[in-house]
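Please explain how the parts of this structure are held against one another. The account should be suitable for a reader who has not met the structure before.

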Amino acid sequence: MRYFLSAFLLLFSIALKAQIQVNNVAEILAAVKIAKAGDIILIKGGEYKFDARINLNTSGTIEKPIKLMAADLANRPKFDFSAQLEADANQGIALRGHYW
């Protein structure tokens, strides 16, 4: 019985990771801010124009990385950072967290 309960709790905890569906720039930026270890951010296909850098500051873990993925591999999202003001220090994505 104890083994069964442990196995159930492990499977339940694995199932708790969030799948966050996003469809526009504002939702993408909000999702990367609230993402936690184990979360999967699924981005609908299409073109997304960003006028500022995406900051990935949160960290996942080696066991539970944070994933930023296409919701449909046949219709991948395209990130366009050309709306940023021209500067030598421009960056599209700044990865400061770990295990993305």
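Leaving aside its neighbours within four places in sequence, with which residues is Ile28 in contact? In this predicted model, the residues in contact with Ile28 are Val22, Ile43, Tyr48, Phe50 and Phe79, once neighbours within four places in sequence are set aside. These contacts offer a starting point for the nonpolar core and for the aromatic residues.

The largest nonpolar core has 13 residues, and the members that touch the most others are Val22, Ile28, Ile41 and Ile43. Two or more residues are given to this core by each of β1 (19-22), α2 (25-34), β2 (40-43) and β4. The largest share, three residues, is that of α2.

The aromatic residues come next. Four aromatic pairs are present in the structure. In one of them, Phe50 and Phe81 are stacked, with a centre-to-centre distance of 5.2 Å and an angle of 25° between the planes. The stacked label follows because planes under 30 degrees apart are counted in that way. Phe50 belongs to the loop between β3 (46-49) and β4 (54-56), and Phe81 to the loop between β6 (77-80) and β7 (93-95); the pair therefore ties together parts that are 31 residues apart in sequence. Phe50 has a relative accessibility of 1% and so counts as buried, whereas Phe81, at 21%, counts as partly exposed.

Phe81 also pairs with Phe79: the ring centres are 6.3 Å apart and the planes stand at 80°, so this pair is edge-to-face. The edge-to-face label applies because the angle is over 60 degrees. Phe79 counts as partly exposed, at 23% relative accessibility. Together, Tyr48, Phe50, Phe79 and Phe81 make up one aromatic cluster. Of these residues, Tyr48, Phe50 and Phe79 are also in contact with Ile28, which is among the core residues that touch the most other members.

Charged side chains provide a further set of links. The structure contains three salt bridges. In one, the side chains of Lys49 and Asp80 meet at 3.5 Å, N to O. Because Lys49 is in strand β3 and Asp80 in strand β6, this salt bridge ties together parts that are 31 residues apart in sequence. Asp80 is buried, with a relative accessible area of 14%, while Lys49 is exposed, with a relative accessible area of 55%.

Lys49 forms another salt bridge with Glu47, whose closest N and O atoms are 3.7 Å apart. Glu47 counts as partly exposed, at 44% relative accessibility. Through shared partners, the salt bridges join Glu47, Lys49 and Asp80 into one network.

There is also a salt bridge between the side chains of Asp39 and Lys36, at 3.8 Å, N to O. Asp39 has a relative accessible area of 2% and is therefore buried.

Two of the links described here may be set side by side. The stacked pair of Phe50 and Phe81 ties together parts that are 31 residues apart in sequence, and the salt bridge of Lys49 and Asp80 also ties together parts that are 31 residues apart. In the first case the partners lie in loops; in the second they lie in the strands β3 and β6.

Definitions and conventions: Residues numbered from 1 in each chain as written. Predicted model: local features only at pLDDT ≥ 70, side-chain atom pairs only at ≥ 80, totals over all residues. Heavy atoms only, no water. Phe/Tyr/Trp six-rings, centres within 6.5 Å; stacked < 30°, edge-to-face > 60°. Helix = DSSP H or I, 4+ residues; strand = E, 2+ residues; numbered from the N terminus. Buried < 20%, exposed > 50% of the residue type's maximum accessible area, 1.4 Å probe, protein only. Core = buried A, V, L, I, M, F, W, Y, C linked by side-chain atoms within 4.5 Å. Contact = heavy atoms within 4.5 Å. Salt bridge = Lys/Arg side-chain N within 4 Å of Asp/Glu carboxyl O.
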